[in-house]
Amino acid sequence: MHRKATMALAVAAALGLPHAATAQTQDELKTLREQVRQLDRRVTDAEQAVIQASSRPASESAMNPAVSVILNGIYSNLSQDPNTFRINGFVPTLGDVGPGVRGLSLGESELALAANIDHHFRGTLIASISSEDSIGVEEGYIQTLSLSYGFMIKAGRFFSAVGYQNQIHAHAWDFTDAPLANKVFLGNQLNEDGIQLKWVAPTDLYFDVGVELGRGRQFPAAAGPAGPRNKNGVSSGNVFTHVGGDLGTGTAWQTGISYLSTSPQDRTFDDPAGTTNSFTGQSRLWVLDGILKWAPNYNPTYTNFKLQGEYFRRKEDGDLTSGTTTQTGGFASVQSGWYLQSVYQFVPMWRVGYRYDRLNSGTSSFSAPLNAADFPILAAYNPTKHTLMVDWSPSEFSRVRLQFASDKSRSDVTDHQVFLQYIVSLGAHGAHKF
Amino acid sequence: MKAILRFVVALSAVVVALPATAALNVFACEPEWGALAQELGGEKVSIYFATTALQDPHRVEARPSLIARIRSADLLICSGSELEIGWIPLLLTQSGNPRVQLGSPGYFEASQYVVKLEIPKVIDRALGDLHPGGNPHVHTDPRNIARIAQALEERMVLIDPANAESYRSRAKSFLERWQAALARWEQQAAPLKGMPIVVYHKDFSYFINWAGMREAGSLEPKPGLPPTPAHLADLLDRMKIQPAKVIVYSPYNSPQAAEFLSSRANIPTVMMPFTVGGTDKAKDLFGLFDDTIGRLLATAK
C-alpha cells in the first residue's frame with residue numbers, strides 16, 4: 001500500500017498535478033484503510049457466527065433425555081412342553097426362567113430414558129413391556145457424577161453387581177437366554193431396590209470395590225406371596241470387587257468376585273406335585289467371574305473374540321416347611337454351578353458362539369420330621385446344557401440370531417430348543433459395558 | 001449381613017491420599033489430540049493415548065484399563081460430535097472423577113471450536129450412522145489444528161494456572177511453526193486441487209475441503225456400514241463415467257475393498273496416515289500432514 005501511495009505521489013508530482021489531488025488520494029487511502037479494517041472485523045464476526053451456526057440447534061426439546069427402544073421378536077421350537085419346565089435338583093426361583101412360549105412371539109420390549117439431571121446426578125429409567133401387556137420397571141436409578149476420589153453412589157432399582165452376566169441387559173446378551181446358573185441362583189436376573197457404593201482405585205490397573213444394600217425384593221431373598229420382608233433396614237447385602245487390565249496389543253481382561261447374603265423369610269416354592277413349601281433361614285452366594293476380550297490392535301470391527309465364565313456356589317440353611325405334611329424341620333444345602341461361553345466374530349457382521357452350562361445340586365440334608373421324599377424337585381441331579389448360536393448384525397442397531405440348545409434341566413428328558421430371534425434398537429446410540 | 005455392614009464401615013473409613021503427581025494428566029481419546037497436548041504441554045503434562053491409529057475411534061470397547069486412566073485424568077480431550085458416543089459416556093459415569101465430566105473444565109471437545117462439515121439435513125438411521133452435529137473428523141484440516149490449539153491453550157491455562165506461562169509460550173511457538181508449515185503445505189498441495197478421490201469412510205472430508213479436492217464416492221455404502229459387493233459394483237460403474245484418481249483408506253480399515261476396486265478401476269490405492277502414528281513418517285502433527293500430502297502427490301504425478 002505504502003509503495004503504491006508513494007508511487008502515486010511521484011507520478012502526481014511528475015505530472016505537475018495540483019496539491020489538491022494529492023490530498024484527495026490520501027483521503028481516499030484513509031477511507032480505504034478504514035473500509036479494510038471494517039471488512040476484516042466483519043469477516044471475523046461472520047466466522048464466529050458460522051462456528052456457532054454449525055453447532056447444535058437450540059430448542060426446548062434439546063433437553064429431552066436420550067430415548068431408546070429395544071424391540072425383539074422370537075420364533076421358538078421346543079421339543080418339550082415349556083409348561084413343564086423345571087430345573088431339577090434346585091429350588092424354583094419363581095423368576096422368569098423358562099424357555100418361553102412355543103411358536104412366534106414378541107419378546108420383552110424395552111423403553112429406556114437417560115440423561116444428566118444436573119452436574120451432580122444422572123438418571124436412568126428402563127421400562128420393560130412384556131408381551132402379556134404388563135409394564136415393569138427393569139431399572140430406575142440415579143447415580144452420582146460429582147463425588148471425588150473415585151467414589152460413586154447409585155440408588156433406586158438396578159441390576160445387582162453380583163457376577164458378570166447379571167448386570168448386562170438381555171438385549172446385549174450373546175445368547176437368547178441366560179445361563180442355567182443365573183436362572184437357579186439369581187432367578188434369571190436380579191434387580192434390587194437399594195443403594196450401591198463403589199470405589200475405583202487411582203491405579204493404572206483397574207480395581208474397584210463396592211457394596212450394595214437392598215430391600216431383598218426377589219429371589220434369593222424373597223419369592224412367593226409373602227414378598228420381601230416387612231422390616232426397616234436392609235434385607236440383602238452384596239459386596240463385590242473387580243480387577244482388570246490389558247494384555248499385549250489386543251487383549252483386555254477383567255475378573256471379579258462377589259458375595260450376596262440374604263435372610264429369606266417364608267420364601268415359597270411349588271413342588272411339581274402341587275404343594276407349596278416355604279423356607280426361612282440364611283442364603284449365601286459366592287460368584288467368581290472372568291471375562292477376556294480380544295481384537296487385533298483393539299479394533300473389533302473385522303474380527304474379535306470373547307471368552308466369559310462364571311462359577312456360583314450357594315450355601316443355604318434354615319427351616320423348611322413342607323406343604324404336604326405342614327411340618328417344619330431343618331434344611332441345609334450346598335450347591336454350585338458354572339458356565340463357560342465364547343463368541344467369535346469371524347468376518348464383519350457375523351459371529352458364532354458356544355456355551356456349556358453345568359449345575360451341581362449336591363445333596364440337600366433334611367432333619368426330622370422332614371423327609372427327603374416329600375421334596376422330589378430337590379432330589380440330587382446335575383443339569384447340563386449345550387448351546388450354539390450364530391448371529392448377523394447388519395449395523396450397530398440390529399441383530400438376527402439363530403440358536404440351538406440341548407437342555408438337560410429336567411432329570412428325565414432332554415429339551416431340544418431352536419430359537420430364531422431379532423433384536424433391534426431405535427433411537428439414541430447405545431453404549432455397552434465391557 | 002453383619003460382615004457386610006462392617007465392610008461398609010471399613011470402606012467409608014478409607015482415606016484416599018491422591019498421589020502427588022506433578023504433571024497434568026491428559027486423557028487423549030485420539031492420537032492427534034494427544035500429540036497436540038504434547039506440543040502445548042511439553043514436560044508439564046503426562047498423556048495417556050486411549051486409542052491408536054489402528055483403531056476406529058467410533059468402535060472402541062469401554063475396557064477396564066480405560067476406566068482406570070480416566071479415573072485419574074485432569075483433562076479429557078476428544079473429537080466430540082458423537083464420535084466417541086459408544087464408549088466415552090460409559091467411561092465417564094464409571095470413573096468417579098468429577099474433573100472430566102461433561103460441563104467441567106476438564107472436558108474438552110475439539111470439534112466445538114471449528115466449522116463443521118456435512119451436518120445432515122435429514123437425520124435418520126436409514127441413512128447410516130450419521131453424526132447429527134456434523135462430521136467429527138475435524139483434525140484432517142490443518143487450519144482446524146491451529147484453531148483448536150488456541151482453544152486448548154486457554155483450557156490448559158484455566159485448569160493449571162501455575163504453568164500458564166509455559167503453556168502460553170509453547171503455544172506461541174507451536175502456532176508460529178504451524179503457520180509456516182501451513183504456508184508450505186498450501187503450496188505443496190496446489191496440484192491436488194480438483195483431484196477426484198474415492199474414500200473408504202467419510203473421515204477425510206475436512207482434508208478434501210482444505211485441499212480443494214473432490215470426493216468421488218466412498219467404499220462404505222452408508223456411513224459406518226462395511227463395503228458390500230453390490231455397492232462396489234455400483235461405484236465401479238459410476239467411475240467409468242466419472243473417473244477418480246485414487247482410492248484412500250485409513251490404517252484401521254481393511255485394504256481389501258480398496259484393492260478390489262483398485263484392480264478393476266485401474267487406479268492406485270493409498271493408505272493415508274489419518275492420524276499421528278498412522279504411518280512411520282506421521283510421528284507428530286507436522287509429520288502427519290507432510291506424509292498425507294506427500295502420499296497424495298506421489299499418486300498425482
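Here are four short exercises, with worked solutions, on a predicted model with chains A and B.

**Exercise 1. The contact between the chains**

Work out how many residues each chain brings to the contact, and which elements of chain A take part.

*Solution.* Start with the head count: chain A puts in 52 residues and chain B puts in 50 residues. Next, look at what chain A offers. The elements giving two or more residues to its side are α2 (19–54), β6 (151–159), β7 (191–200), β8 (206–214), β9 (236–247) and β10 (251–262) of chain A. Of these, β9(A) gives the most, with five residues. Finally, sort chain A's side by chemistry: 25 residues are nonpolar, 20 are polar and seven are charged.

**Exercise 2. The partners of β17(A)**

Find the strands that pair with β17(A), and say in which sense they run.

*Solution.* Take β15 (residues 350–360) of chain A to begin with. Nine bridges link β15(A) to β17 (residues 384–395) of chain A, and the pairing is antiparallel. To pin down the register here, look for A:R358: its bridge partner in β17(A) is A:T384. Now turn to β18 (residues 398–408) of chain A, which also pairs with β17(A) in the antiparallel sense, over 10 bridges. On this side you'll find A:T387 opposite A:A405 of β18(A). Last, check the connection: β17(A) and β18(A) make a hairpin, with two residues between them.

**Exercise 3. One side of a helix**

Decide how the buried residues of α10(B) are arranged around its axis, and what covers them.

*Solution.* First, check the helix itself. α10 (residues 285–300) of chain B has 16 residues, and its first and last C-alpha atoms are 23 Å apart, close to the expected 22 Å. Then list the buried residues: B:L285, B:F286, B:L288, B:F289, B:T292, B:I293 and B:L296. These span an arc of only 165 degrees around the axis, so they sit on the same side of α10(B). As for the cover, it includes α2 (31–41), α5 (142–159), α6 (164–188), α7 (205–211) and β8 (269–271) of chain B.

**Exercise 4. Placing an arginine**

Is B:R238 buried, exposed or partly exposed? Also say where it sits in chain B.

*Solution.* Location first: B:R238 belongs to helix α8 (residues 229–241) of chain B. Now count neighbours. Buried takes 20 or more C-beta atoms within 10 Å, while exposed means 12 or fewer. B:R238 has 14 C-beta neighbours inside 10 Å, so it counts as partly exposed. To finish, pick out B:A216: it is 22 residues from B:R238 in sequence, and their C-alpha atoms are 9.0 Å apart in space.

Key:
Residues are numbered from 1 along each chain as its sequence is written. Chains are lettered from A and ligands numbered from 1 in the order in which they are written. This is a predicted model: local features need pLDDT of at least 70, side-chain atom pairs count only at pLDDT 80 or more; totals for chains, interfaces and linings use all residues. Two residues are in contact if their C-beta atoms, placed from the backbone, lie within 7 Å. Helices (H or I, at least four residues) and strands (E, at least two) are DSSP runs, numbered from the N terminus. Ala, Val, Leu, Ile, Met, Phe, Trp, Tyr, Cys and Pro count as nonpolar, Asp, Glu, Lys and Arg as charged, and the others, Gly among them, as polar. Two strands pair if DSSP finds at least two bridges between them. The expected span of a helix is 1.5 Å times one less than its number of residues. The arc is that of the directions from the helix axis to the C-beta atoms.
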